[in-house]
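Trainee: Could we take a close look at a single part of this model together? I would like to see how one residue fits into the whole.

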Amino acid sequence: MTGNDSNPVASQIREHMAVIGADGAPVGTVDHVDGDRIKLTKAKSGAHAGHHHYLSLGLVAGVEGDTVRLSANADVALTFEEEEK
């Protein structure tokens, strides 16, 4: 894993974990941790198909089993996503 291993949350996040909002709604799937961000896998369809999105580790409320739970609801968290340039 690449990323900030000194961040305890980052060290718990693994490839293919589900990412959900505080409301339990799906946000995406982890590709890997990239510095202080989570790189999500590429969407397979829709307007965001074919490229990666990133979420700040600051949005992570915790890791529960194979799920990364965010501190914001999914619809709000999606507004914080950064697209791959």
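Is Tyr54 buried or exposed, by its relative accessibility? And what surrounds Tyr54?

Mentor: Happy to walk you through it. First, some ground rules: this is a predicted model, in which local features need a pLDDT of at least 70 and side-chain atom pairs count only at pLDDT 80 or more, while totals for chains, interfaces and linings use all residues. Residues are numbered from 1 along each chain as its sequence is written, and side-chain values use heavy atoms, with hydrogens and water left out.

Now to your residue. Tyr54 counts as buried, with a relative accessibility of 7%; buried means under 20% relative accessible area, exposed over 50%, and partly exposed in between, using a 1.4 Å probe and protein chains only. Tyr54 belongs to strand β4. Helices (H or I, at least four residues) and strands (E, at least two) are DSSP runs, numbered from the N terminus.

Let us look to either side of Tyr54. Strand β4 covers residues 53-56 and runs antiparallel to strand β3, residues 37-40, with 3 bridges joining them. Two strands pair if DSSP finds at least two bridges between them. Opposite Tyr54 in this pairing stands Lys39. Strand β4 also pairs with β7, residues 82-83, in the antiparallel sense over 2 bridges. There, Glu82 is the bridge partner of Tyr54.

We can follow the path one strand further. Strands β2 and β3 are antiparallel too, with 4 bridges between them, and Lys39 in β3 has His32 standing opposite. Between the C-alpha atoms of Tyr54 and His32 the distance in space is 9.8 Å, although 22 residues separate them in sequence.

What does Tyr54 touch? Setting aside residues up to four places away in sequence, Tyr54 touches Asp34, Arg37, Ile38, Lys39, Phe80, Glu81, Glu82 and Glu84. Contact here means heavy atoms within 4.5 Å.

Let us step back to the sheet. Its 7 strands lie in the order β5-β6-β1-β2-β3-β4-β7, forming an open sheet with mixed pairing. At the edges stand β5 (60-64) and β7, each with a single partner strand, so one side of each has no neighbour in the sheet. In general, strands of a sheet pair through backbone hydrogen bonds, either parallel or antiparallel.

Along the chain, the elements follow one another as α-β-β-β-β-β-β-α-β from the N terminus, which comes to 2 helices and 7 strands. Of the 85 residues, 32% count as buried. Among contacts between residues at least 6 apart in sequence, 47% join residues at least 24 apart.

Next, the core. The largest nonpolar core has 18 residues, and those touching the most other members are Ile13, Val19, Ile38, Val68 and Leu70. Such a core is a set of buried Ala, Val, Leu, Ile, Met, Phe, Trp, Tyr and Cys residues joined through side-chain atoms within 4.5 Å. At least two of its residues come from each of β2 (26-34), β3, β6 and α2 (74-77), and β2 gives the largest share, 3 residues. Ile38 also appears among the residues that Tyr54 touches. Leu70, beyond its neighbours within four places in sequence, has contacts that include Val19, Val27, Leu55 and Ala77.

There are charged pairs to see as well. The count comes to 2 salt bridges, a salt bridge being a side-chain nitrogen of Lys or Arg within 4 Å of a carboxyl oxygen of Asp or Glu. One joins Arg14 and Asp66, with the closest N and O atoms 2.8 Å apart. Arg14 sits in the loop between α1 (8-12) and β1 (18-20) and Asp66 in the loop between β5 and β6, so this pair ties together parts that are 52 residues apart in sequence. The other links Arg69 with Glu64, at 3.3 Å between the closest N and O atoms.

Finally, a word on confidence. The mean pLDDT of the chain is 86, and 84% of its residues reach 70 or more; pLDDT is the predictor's confidence in each residue, from 0 to 100. Among the elements, β6 (residues 67-70) has the highest mean, 98, and β7 the lowest, 76. Keep that in mind when you look at Glu82, the bridge partner of Tyr54 in β7.
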